[in-house]
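Subject: Structure for handover

Hello,

Here is the structure we spoke of handing over. Please look through it before reading the notes beneath it.

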Amino acid sequence: MNLAANIHGSLRAERRWALIIAYVSLCAAVVIFLLPPVYMLITSLKTNAEMSNLQGNPWLVRSPTLEHYGTILGNPLFLTFFWNSIKVTVLTVIVTMVISVLAAFALARMRFWGSQALATGVFLTYLVPDTLLFIPLYQIVGGLGLLNSTWGLVLVYPTLTVPFCTWIMIGYFASIPKELDEAALIDGATWSQMLLKIFIPVALPGIIAATIFAFTVSWAAFVYPTAFITTPDQMPLTIGVVSTLVRGDTFAWGQIMAGALLAALPPVVVYAFLMDYYIAGLTAGATKG
């Protein structure tokens, strides 16, 4: 009895310490990740005079103002940046999902020689950083005459989104029982009918997860638009805000912070409403693959 009680007490103590360490680690992570956006929000609410005053506490706002947000929202260029980001992101998501769903369906269900190696190769291409790809892609986009155009971004963004989205969808499609294929083929269904009526409805969580990923990457991309876009009328938000508010060694910090927070708002809203679907899609796709 004493031995069992000692073992039970030891396990409880270990569990207690494990929970304490986990909560401390989570709290530290939350503080680290939230400090930058909180500081951005505080800075965006300060007047220019208060930001220039180095004597006060940088984490306190003595005279809150929405002047910087009003200036940003009243700037026609900001609305142009916003529209460019929406256009590029929506088109990229559509192109990505069409290619990813079709490719994943072919690799997962239409078995052929080399399909497994090709599926692995698709994922490995995702590991190649865009800092290595933008130079050859610059030559390709320039050869097509799409430099300094949002259409050039629509062309190159899928190189960031398609590989990972295809990998997620392969895991979902591979998890669907083979009997559904056989039953559909016996009933005379074509491959396109099987995809539209069986696989897409069943794999909807994975499709949502892949769509959110494609949206986030397209909206937040920075390297490609920096390399390919030079005029403000074609710039997305990620580079438009910085390029127009930084003049030499002069930084309009209040407007920069306000613009950055407004630019981050759409992904935050998407994750706030679809976070459960995103987590379920990623975890299920990983375990089923």
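The notes below go from the whole chain to its domains and then to four individual residues.

Overall picture

Please keep in mind that this is a predicted model. The protein contains 14 helices and 2 strands. Its radius of gyration is 25 Å, whereas a compact globule of 289 residues would come out near 19 Å. Along the principal axes, the C-alpha atoms occupy a box of roughly 80 × 75 × 30 Å.

Of the 289 residues, 34% are buried. The exposed surface of the protein comes to about 16,600 Å², and 72% of that is supplied by carbon and sulfur atoms. Among contacts with a separation of 6 or more, 73% join residues 24 or more positions apart.

As for charge, the protein has 12 positive and 11 negative charges, and the mean positions of the two sets lie 7 Å apart.

Domains

The domain assignment splits the protein into domain 1, residues 2-52, and domain 2, residues 67-287. Taken over C-alpha atoms, the centres of domain 1 and domain 2 are separated by 32 Å. In the contact between them, 10 residues come from domain 1 and 8 residues from domain 2.

Arg62

Arg62 sits in the loop that runs between helix H2 (48-52) and helix H3 (67-73). Is this residue buried, partly exposed or exposed? Arg62 counts as partly exposed, because its relative accessibility is 46% and that class ends at 50%. Setting aside neighbours within four places in sequence, Arg62 is in contact with Glu50, Asn53, Gly56 and Asn57. Leu45 is 17 residues away from Arg62 along the chain, and their C-alpha atoms are 9.5 Å apart.

Val95

Val95 belongs to helix H4, which covers residues 76-109. With a relative accessible area of 32%, Val95 is partly exposed. From Val95 to Ala106 there are 11 residues in sequence and 17 Å in space, C-alpha to C-alpha.

Ala119

Helix H5 (residues 115-126) holds Ala119. The relative accessible area of Ala119 is 7%, so this residue is buried, the cut-off for that class being under 20%. Which residues does Ala119 touch, not counting those up to four places away in sequence? They are Leu107, Trp167 and Ile170. Pro163 is 44 residues from Ala119 in sequence, and the distance between the two is 9.2 Å, C-alpha to C-alpha.

Asn148

Asn148 is in the loop between helix H6 (130-143) and helix H7 (150-156). Its phi is near 60°, which is a positive value in a residue other than glycine. Asn148 has 25% relative accessibility and therefore counts as partly exposed.

Points to look at first

If time is short, I would open the model at two places. One is the loop with Arg62, where the listed contacts include Glu50 and Asn57. The other is Asn148, for its positive phi.

Regards

Notes:
Residues are numbered from 1 along each chain as its sequence is written. This is a predicted model: local features need pLDDT of at least 70, side-chain atom pairs count only at pLDDT 80 or more; totals for chains, interfaces and linings use all residues. Side-chain values use heavy atoms; hydrogens and water are left out. Helices (H or I, at least four residues) and strands (E, at least two) are DSSP runs, numbered from the N terminus. The radius of gyration is taken over C-alpha atoms; the globule rule is 2.2 Å times the number of residues to the power 0.38. Buried means under 20% relative accessible area, exposed over 50%, partly exposed in between (1.4 Å probe, protein chains only). Contact means heavy atoms within 4.5 Å. Accessible areas come from the Shrake-Rupley method with a 1.4 Å probe; for residues, only the protein chains shown count as cover. Lys and Arg count as positive and Asp and Glu as negative; His and the chain ends are not counted. The place of a charge is taken as NZ of Lys, CZ of Arg, CG of Asp or CD of Glu. Domain bounds come from an automatic or database domain assignment.
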